[in-house]
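Q: I am new to this structure and would like a close look at one part of it, the largest nonpolar core. Which residues have the most contacts inside this core, and which helices and strands supply it?

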Amino acid sequence: MRAMILAAGFGTRLRPLTDKRPKCLMPVMNRPLLGLWLGRLASWGVQRAVVNTHYLADQVHHYLREQPPEAMEVAISHEPEILGTGGGLVAARGLLGPEPFLLVNSDVLATAPAPELMQTLNDEGAVAVLGLVDEPRFNTVALDQAGRILGFQGQEGLSPARWLTYSGLAALSPRLLDYLPSSGRSSLVEGLRAAIAGGEKVLGRPLEGFWDDLGTPERLIMLHRLLAHNPPPGLRGLSPEGPVLLGPGARLENGVQVKGFAVLGAGAVAEAGSFLHETVLLPGARVSAGARVERAVLGDGFVARGRIQGGAHA
């Protein structure tokens with residue numbers, strides 16, 4: 001089985017954290033999202049994963065060289081000009097091969113077993129099976145009673161039985177790529193709309209378990225709070241043993257107070273007398289002596305002084 005991981009995007013909703021770090025390398029409990037997905041795909045028996053890159057590509061390439069997954073080949077499809085969720089698939093077609101494949105957005109976190117989508121694809125002869133979640137903020141996928149996708153928000157004439165959200169997990173037939181432009185930028189939705197119009201079967205299946213798009217600093221803090229205190233099944237391996245998680249070379253100096261939890265990435269430091277409340281420090285970040293940081297994410301190398309409350313800082 002093969003898989004495509006979409007990792008080329010700009011991660012604009014997580015700025016300024018993503019000014020220096022691609023979203024696919026945003027850490028969850030000090031483990032980059034891309035690494036979590038590679039591990040999960042390998043556990044499902046995926047033998048080759050294709051990763052597309054564009055924004056801050058050198059960081060992604062370096063990570064894949066230094067942290068290659070065991071028992072799985074990784075191929076890179078670099079895009080000098082970003083091609084979107086459809087064009088990226090077309091550009092990677094030769095690397096993906098002629099068989100159906102899994103599609104994963106690297107910037108989400110989910111516990112559902114995506115191979116079940118592949119089983120449905122094969123059983124139903126569909127051109128695509130999308131994993132769906134009910135997230136009223138984003139529900140834009142229109143389905144009929146049988147789970148067939150009718151279209152997407154903004155299309156005229158839709159009378160769906162329900163609306164759901166695309167989770168970022170899917171099983172696709174290479175046949176879908178024939179419905180996308182042969183070159184240039186395009187979106188997955190364009191291909192799905194064209195396939196539906198061409199009479200192809202495009203299905204949606206609700207996913208069980210945890211899902212989050214980690215779209216804002218606040219949601220990143222919420223996820224860490226959940227993992228620190230009540231990790232859902234499938235993510236318990238990310239839960240720290242205590243309220244503080246230290247990456248390599250990270251340290252708390254004397255007199256640091258921690259309320260709730262604190263996660264310090266590699267080389268991050270909380271200086272003497274500082275106060276951390278539900279705080280995530282990315283690698284190299286520093287909280288100055290006596291400073292207070294509450295429910296915030298500090299970006300790579302950022303130095304916090306005085307009082308910081310909420311949001312992302314880089």
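A: What follows looks at this core and then at the chain around it.

The model is a predicted one, and its largest nonpolar core has 34 residues, with Leu-34, Leu-41, Leu-102 and Leu-169 making the most contacts inside it. At least two residues of this core come from each of strand 1 (2-6), helix 1 (33-43), strand 4 (48-53), helix 2 (57-66), strand 6 (101-105), helix 5 (115-124), strand 8 (128-133) and strand 11 (162-172), and the largest share, 4 residues, is supplied by helix 1. Leaving aside residues up to four places away in sequence, Leu-41 touches Ala-3, Ile-5, Val-46, Ala-49, Met-72, Leu-102 and Val-104. Another core, of 28 residues, lies apart from this one, and Val-90, Ala-92, Val-127 and Ala-128 are among its members.

As for the surroundings, the chain holds 7 helices and 24 strands, and an unreviewed UniProt entry annotates residues 3-227 as "domain: Nucleotidyl transferase". That span is 28% helix and 26% strand, and its end C-alpha atoms lie 27 Å apart. Of the 314 residues of the chain, 53% count as buried, while among contacts between residues at least 6 apart in sequence, 58% join residues at least 24 apart. The radius of gyration of the chain is 21 Å, which agrees with the value near 20 Å that a compact globule of 314 residues would have, and the C-alpha trace spans about 65 × 40 × 30 Å along its principal axes.

Methods:
Residues are numbered from 1 along each chain as its sequence is written. This is a predicted model: local features need pLDDT of at least 70, side-chain atom pairs count only at pLDDT 80 or more; totals for chains, interfaces and linings use all residues. Side-chain values use heavy atoms; hydrogens and water are left out. UniProt positions are given in the numbering used here, feature names are shortened, and annotations may be inferred rather than shown by experiment. A nonpolar core is a set of buried Ala, Val, Leu, Ile, Met, Phe, Trp, Tyr and Cys residues joined through side-chain atoms within 4.5 Å. Buried means under 20% relative accessible area, exposed over 50%, partly exposed in between (1.4 Å probe, protein chains only). Contact means heavy atoms within 4.5 Å. The radius of gyration is taken over C-alpha atoms; the globule rule is 2.2 Å times the number of residues to the power 0.38.
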